[in-house]
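I opened this entry to record what I looked up, beginning with surface charge and then turning to ion pairs and one strand residue.

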Amino acid sequence: MLLSYKQGRGKKLHIYIDDEYMISTDIDFWADNYIKNETEISEQEWEELVDKINYRKALNKAFDLLSRRDHSVKELKIKLLKTVDENSAQKAIERMLELDYLDDEKYAENLLRHLTVNKKMSSSFIKKEMFKRGISGEIVNNLLEDTEIDNVSTIKDLILTKYVSKLSAENGKEKVIAALQRKGFGYYDIRKAFDEIEYDYE
């Protein structure tokens with residue numbers, strides 16, 4: 001098998017086997033794994049090289065994604081699998097865990113603050129959102145058990161900010177109630193919130 005390569009745009013490097021394009025990498029990777037142009041290599045050597053290239057891609061993608069925002073392990077792996085194979089994705093995940101860039105417990109704690117403070121979600125919706133993001137049931141349940149979520153206070157805040165202008169409209173209260181229920185808040189909590197801000201809910 002004859003390995004050759006050509007430089008593409010920027011730092012891209014395109015690799016060929018017997019003049020057939022196979023895969024691309026970058027010149028930084030090639031500097032660390034240099035092979036002379038037009039070199040004969042074995043099938044095993046080629047497979048090992050491809051594994052290294054894909055692992056490097058997975059690492060670069062993981063660093064890029066995590067630089068933008070935190071991810072759960074499951075979220076990150078799903079995204080990595082769009083561009084690399086299972087083995088490379090898993091190795092990159094393990095490396096991110098070693099570097100402490102991935103931590104589902106910390107991620108869940110930060111997500112909880114975001115969903116309660118910024119999104120003003122109900123406890124039931126918070127639980128669903130965490131499960132959707134791949135956080136384990138054990139972590140979710142332990143976190144919610146240790147955290148007091150005041151649904152009534154959240155509802156009052158929503159009524160007095162997001163929904164206050166809708167209350168004066170025709171059937172305004174009923175529409176606000178329906179909107180709050182769609183957010184996962186229970187009837188009892190909604191009623192209590194209205195009572196506490198002195199709206200006659202009956």
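Before searching for patches I fixed the criterion: a patch takes in residues with over 30% relative accessible area and no salt bridge, and like charges are joined within 9 Å. I also noted that the model is predicted.

Entry 1, surface charge. I looked for a negative patch on the surface and found one formed by E43, E45, E47, E48, D51 and D85. I then checked where D85 lies, and placed it in the loop between α3 (73-80) and α4 (86-98). Its relative accessible area is 31%, so I entered D85 as partly exposed. Since the patch criterion asks for over 30%, I recorded that D85 satisfies it with 31%.

Entry 2, salt bridges overall. I searched the whole structure and obtained 10 salt bridges. I followed up some of them below.

Entry 3, the pair in α2. I examined D64 and R68, which form a salt bridge with their closest N and O atoms 3.0 Å apart. Both belong to helix α2 (residues 43-68), and because they are 4 residues apart there, about one helical turn separates them. I looked up the exposure of each partner: D64 is partly exposed at 29% relative accessibility, whereas R68 is exposed, with a relative accessible area of 63%.

Entry 4, the group around E129. I asked which residues are joined with E129 through shared salt-bridge partners. The side chains of K132 and E129 meet in a salt bridge at 3.3 Å, N to O. These two are 3 residues apart in helix α6 (residues 123-132), so about one helical turn lies between them. K132 is exposed, its relative accessible area being 61%, while E129 is buried at 13%. I next checked R133, which forms a salt bridge with E129, the closest N and O atoms being 3.0 Å apart. R133 and E129 are both buried. Through shared partners, the salt bridges join E129, K132 and R133 into one network.

Entry 5, a strand residue. I located T25 in strand β3 (residues 20-26). Is T25 buried or exposed? Its relative accessibility is 7%, so I entered T25 as buried, the cut-off being under 20%. I then listed what T25 touches, leaving aside its neighbours within four places in sequence: the contacts are K11, K12, L13, I15, W30 and I53.

Technical notes:
Residues numbered from 1 in each chain as written. Predicted model: local features only at pLDDT ≥ 70, side-chain atom pairs only at ≥ 80, totals over all residues. Heavy atoms only, no water. Buried < 20%, exposed > 50% of the residue type's maximum accessible area, 1.4 Å probe, protein only. Contact = heavy atoms within 4.5 Å. Patch = residues over 30% accessible without salt bridge, like charges linked within 9 Å, V, L, I, M, F, W, Y side chains within 5 Å. Areas by Shrake-Rupley, 256 points an atom, 1.4 Å probe, with all protein chains shown as cover. Lys, Arg positive; Asp, Glu negative; His and termini not counted. Charge placed at Lys NZ, Arg CZ, Asp CG, Glu CD.
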